[in-house]
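Visitor: I'd like a close look at a single part of this model, the third helix of the smaller-lettered partner's companion chain, and whatever sits around that helix. Could you walk me through it?

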Amino acid sequence: MKRALWVLAVLLSHWRRHRMQFATLLIGLIAATALWSGVQAINQQARNAYDRAAATFGGARTAMLVAPDAATFSQDLFVKLRRAGWPVSPVLEGRVQINGRSVRLLGIEPVTLPVDVGNAPRLGASDLSSFVAPPGRTLVAKETLSDLQEQEGAAPPISSGAKLPPLHVQPQLVPGVLVVDIGVAQKLLNKPDQVSRLLIGKPKGKPAPLASVVGDRLQRIEPNAETELERLTDSFHLNLTAFGLLSFFVGLFIVNSAVGLAFEQRLPMLRTLRACGASARLVNTVLVIELVALALVAGLIGLVCGYFIAAALLPDVAASLRGLYGAQIPGQLTLRPEWWLAGIGISVAGALVAAATSLIKAIRMPVLATAQPYAWQQRQRRWLILQSIAACMVFAVALLLLRYGESLIAGFGVLAALMLGAALILPAFLDIILRVGQRAARGPLALWFWADSRQQLSGLSLALMALLLALAVNVGVSTMVETFSRTFVGWLNGRLAADVYISASDNAQAVAIRNWLKERSEVQAILSGGRAETQVQGQPVELFGLPDHALYRERWPLLETATRAWTRLVPGNAAFISEQLSRRLNVRVGDVVEVPAPGGTWELDIVGIYADYGNPKGQLAVNVAALIRQFPQTPQTRIGLIVPRDKISGLIAALQKQFALDDRSVADQATVKAESIRIFNRTFAVTSALNAFTLGVAGIALLTSLLTLANSRLPQLAPLWAVGITRPRLAAIELTKTLSVALFTSLLAVPLGLLVAWCLIAIVNVKAFGWRLPFHVFPLQLVELVAVALVASLLAAALPVARLARMQPADLVKVFANER
Amino acid sequence: MLSIRNLSKTFSAAAEPVHVLRGVDLDLKAGERVALTGESGSGKSTLLHLIAGLDAADGGSIRLEDTEVTKLSDAGRASLRRDRIGLVFQQYNLIPSLSVADNLAFQARIAGRHDAAWSRELVERLGLGTLLTRYPEQLSGGQQQRVAIGRALATKPSLLLADEPTGNLDEATAEDVLALTRDLVTRTGCGFLMVTHSLHLAATLDRHLTLHAGRIT
């Protein structure tokens with residue numbers, strides 16, 4: 001043991017003399033662990049939230065019975081089923097408005113509630129009596145209480161004037177939901193004796209067949225292992241994971257570079273240890289222990305950094321998930337012990353993987369192996385050809401995935417293969433460029449410049465690969481976001497046809513508002529809309545009622561259309577379909593879609609396809625009058641108005657005064673547009689932050705590689721100094737060399753980045769969201785990114801170059817000394 | 001104490017195998033100081049490496065006291081070097097990240113046989129008292145080699161093997177270093193086998209052997 005400790009002390013003494021190398025190793029491990037763990041923390045937080053949502057008193061994780069048209073049904077069916085031995089429990093669901101905010105209300109029957117409804121909050125015996133007995137309780141998540149700006153114990157009124165039972169915070173309850181006794185819910189939602197669904201518990205015996213009890217009035221929905229929300233958000237989390245992985249690998253590049261050089265520098269030390277009697281097994285074991293110890297320390301620091309990164313990104317991620325998918329994620333980070341363990345594990349595993357080649361070399365090293373410091377870098381050149389062959393194979397995999405892949409994973413696979421292939425082939429590309437430069441060079445210094453750049457390439461290649469990947473991702477994602485942004489704004493301009501939007505609290509108020517508006521001379525048109533929900537081929541579908549008005553014909557953007565599409569919409573037997581739903585159902589213009597409606601199947605001819613960016617649900621746009629005929633319970637609370645621009649503010653003020661409407665219930669087009677764009681920008685804020693992080697890590701990789709290389713550069717530079725080239729000039733040449741290879745890499749990253757953008761737009765987005773955007777290139781943005789990369793390279797090169805410029809002649813002379 | 005019989009070693013080269021040692025016989029008594037000379041490539045260093053267990057022989061035997069070195073495993077040879085052999089190289093092979101004091105104590109600590117009094121005596125005899133906190137790169141060649149000798153003798157080995165210990169030193173320094181080594185070897189009573197190119201230095205030891213064409217003459 002003492003012997004091992006002494007060997008460990010000797011190995012560690014190397015780092016004391018090579019502090020920058022030590023810092024490089026730690027930075028690499030910390031960077032790798034931090035971003036990866038940060039992203040994992042965010043994903044874990046989101047998945048916990050989905051679990052909570054899925055388990056909320058019978059979400060998608062519980063088997064249930066629902067009406068075929070997804071409407072409510074009489075609770076008599078519940079009684080009949082209980083009598084027939086079915087362990088069912090009724091749930092009524094609806095929405096209520098509190099303080100101008102729309103919240104989901106769930107009515108449950110706690111006595112019959114199945115005990116196996118996932119991790120739904122449990123109601124204890126004492127809680128049960130308080131929940132059921134008047135005045136009852138409204139269970140609410142802490143986050144929702146704060147959103148509603150209410151205190152625990154308060155009984156806020158809903159828009160109809162009725163009061164909720166006192167609010168009671170229930171841990172584990174999903175945000176955005178209020179849970180009350182079903183009797184209370186029936187009163188609040190004005191649906192006496194109605195039930196939305198029946199949750200099915202574990203039957204004790206064999207109950208009577210369902211059809212024999214309720215006929216075809218109810219159908220069984222089996223529980224899903226994966227919820228709709230999880231399916232929808234998969235791409236988002238995959239995207240985050242991809243960023244985390246990219247940074248993780250860039251971090252490992254740094255570790256690999258630092259460990260590789262440290263190993264070569266320590267070869268004489270290892271040889272001496274062996275010559276002095278430390279066995280190979282002891283030395284190798286201690287080498288591994290040293291690495292694991294360093295990985296543990298760096299992993300812990302990385303986890304703390306990852307926690308802060310996650311905490312900083314979470315509000316944006318929560319906003320993105322809310323904006324894109326309507327998912328409610330708590331803004332406060334809670335982490336499980338598994339996260340810490342996984343983070344430490346990934347740090348140790350990453351360190352071992354990054355150091356694997358060095359460790360294997362150490363294990364196989366004969367005791368008489370001559371130390372060849374820096375030969376490690378030279379040997380990398382042999383890999384150039386192998387790397388290029390591997391790159392071609394990876395490109396072939398990308399092509400195969402592109403041709404035959406159908407899933408989102410295949411889409412990301414194409415991206416990953418493309419980037420991996422590009423990274424592998426980069427050193428060969430740069431070598432060709434530098435070789436061409438060397439052939440074209442005339443003066444001796446120019447010749448040396450190109451030849452030395454080539455020699456340096458092997459040592460820098462990992463860092464340059466990291467820079468290439470980070471930059472390509474930046475170009476790709478920025479192009480995609482900018483394309484999306486411009487398309488979205490153009491689409492929004494057409495989509496927001498009305499000048500003023502009103503959301504009445506209920507149908508009665510909507511009627512009163514309409515009657516009042518008819519008397520106003522400045523109102524040129526009143527456009528009533530409506531929305532209903534149904535299921536088509538097992539997919540949740542939103543039916544969107546469009547008023548028949550010329551404005552829509554002129555402005556509503558359609559991607560594909562049949563002849564006389566708008567005219568065919570009016571009778572009510574035709575519909576436009578959203579792009580994402582058309583892809584999911586594989587429906588084109590001219591096809592027919594059957595929609596289950598309360599009165600029977602509603603057949604709709606598809607006469608147009610429209611973009612519906614940002615909507616996770618599939619949508620069918622139909623004539624609003626036809627929608628109300630087919631779905632009589634559709635709330636008619638949405639009203640759009642056409643008003644001259646100079647009359648808008650006056651009309652809004654009058655509406656607010658007349659009907660006590662707040663800013664959420666009435667807004668002009670500009671406000672709605674600004675809010676949509678704000679949500680859009682927030683949606684991509686997390687992407688921008690991750691972009692910046694990745695580029696930052698790549699910058700660190702370049703800096704650490706240059707610092708590491710700087711130590712081995714003296715034998716190359718000293719002869720030049722000896723023949724009369726000044727130190728500042730040598731420093732300038734070194735800087736130019738670094739910037740040259742960084743520029744070449746950046747220029748290669750541009751086409752790669754555009755290819756990444758194309759993959760994101762044409763493959764990943766289509767598979768993830770169901771919409772495809774037009775592909776645009778933004779030259780100014782590309783120039784900016786290349787400039788940023790060069791500034792990052794300049795900053796990375798500044799320190800080693802400054803050191804060289806200030807280097808004492810005595811240090812350079814040592815190169816020629818015998819006793820060096 | 002050291003008995004070598006019919007020792008052979010062949011290296012495979014690109015063109016044809018190189019027979020470096022072709023049946024070497026050698027005996028060395030406790031406390032005896034022997035110089036081994038020979039032209040470059042004659043196998044002097046190889047012989048030293050085989051005795052120290054740094055490399056494996058193709059045939060023959062090496063017996064150090066009661067141990068047959070050629071039969072030892074890697075761990076056994078490591079143990080032999082740790083406990084019974086001291087090694088001095090031309091390139092000093094000090095650990096650059098350790099101070100002089102730590103380098104001196106290095107092998108004794110690895111062997112778990114650190115003797116403070118003997119260490120103090122070594123420091124004094126080698127004249128390293130003022131250099132203990134320095135690092136190898138801050139020392140001259142002669143000073144570095146004195147540290148290497150101190151490190152090798154810190155465990156009071158049975159046999160001290162030196163491979164061109166004065167190869168990097170000027171004549172005066174080389175004589176100083178060798179004189180110190182001779183004194184310390186006498187003081188410890190260990191055997192001493194030194195490979196050298198210098199016939200002058202070889203003549204200062206008890207016996208002078210020459211390796212030629214893979215055999216000792």
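Guide: Here is a walk around helix H3 of chain B and its surroundings. A word on the model comes before the details. It is predicted, and local features need pLDDT of at least 70, side-chain atom pairs count only at pLDDT 80 or more, while totals for chains, interfaces and linings use all residues. Residues are numbered from 1 along each chain as its sequence is written, with chains lettered from A and ligands numbered from 1 in the order in which they are written.

Let's start with H3(B) itself, residues 100-111. (Helices here are DSSP runs of H or I with at least four residues, strands are runs of E with at least two, and both are numbered from the N terminus.) Of its 12 residues, 11 are buried, so H3(B) is largely enclosed by the rest of the structure. Buried means 20 or more other C-beta atoms within 10 Å of the residue's own; 12 or fewer makes it exposed, anything in between partly exposed, and C-beta atoms are placed from the backbone. The buried set includes Val100(B), Leu104(B), Phe106(B) and Ile110(B), along with Asp102(B) and Arg109(B).

What does the covering? Helices H2, H4 (116-126) and H5 (141-153) of chain B take part, and so does H1 (2-17) of chain A. Just after H3(B) comes Gly112(B), with a positive phi near 70°.

For a view from one of the covering helices, take Val123(B), which lies in H4 of chain B. Val123(B) has 20 C-beta neighbours inside 10 Å and so counts as buried. Leaving out residues up to four places away in sequence, Val123(B) touches Leu104(B), Leu128(B), Gly129(B) and Leu132(B). (Two residues touch, or are in contact, if their C-beta atoms, placed from the backbone, lie within 7 Å.) Leu104(B) is one of the buried residues of H3(B). Val123(B) also has its C-alpha atom 8.6 Å from that of Val147(B), 24 residues apart along the chain.

Now for the chain A side. The contact between the chains takes 24 residues from chain B and 21 residues from chain A. On chain B, the elements that give two or more residues are H2 (74-84) and H3 (100-111), and H2(B) gives the most, with 7 residues. By class, that side of chain B has 10 nonpolar, 8 polar and 6 charged residues. (Nonpolar covers Ala, Val, Leu, Ile, Met, Phe, Trp, Tyr, Cys and Pro; charged covers Asp, Glu, Lys and Arg; the others, Gly among them, are polar.)

Elsewhere in chain B, there's an open sheet of 4 strands, ordered E2-E1-E4-E5 with antiparallel pairing. Strands pair if DSSP finds at least two bridges between them. E2 (18-28) and E5 (67-68) of chain B stand at the edges with a single partner strand each, so one side of each has no neighbour in the sheet. E1(B) and E4(B) are joined by 5 bridges, and Ser8(B) has Gly59(B) in E4(B) as its bridge partner.

As for the partner chain, chain A has 27 helices and 20 strands, and 43% of its 820 residues are buried.
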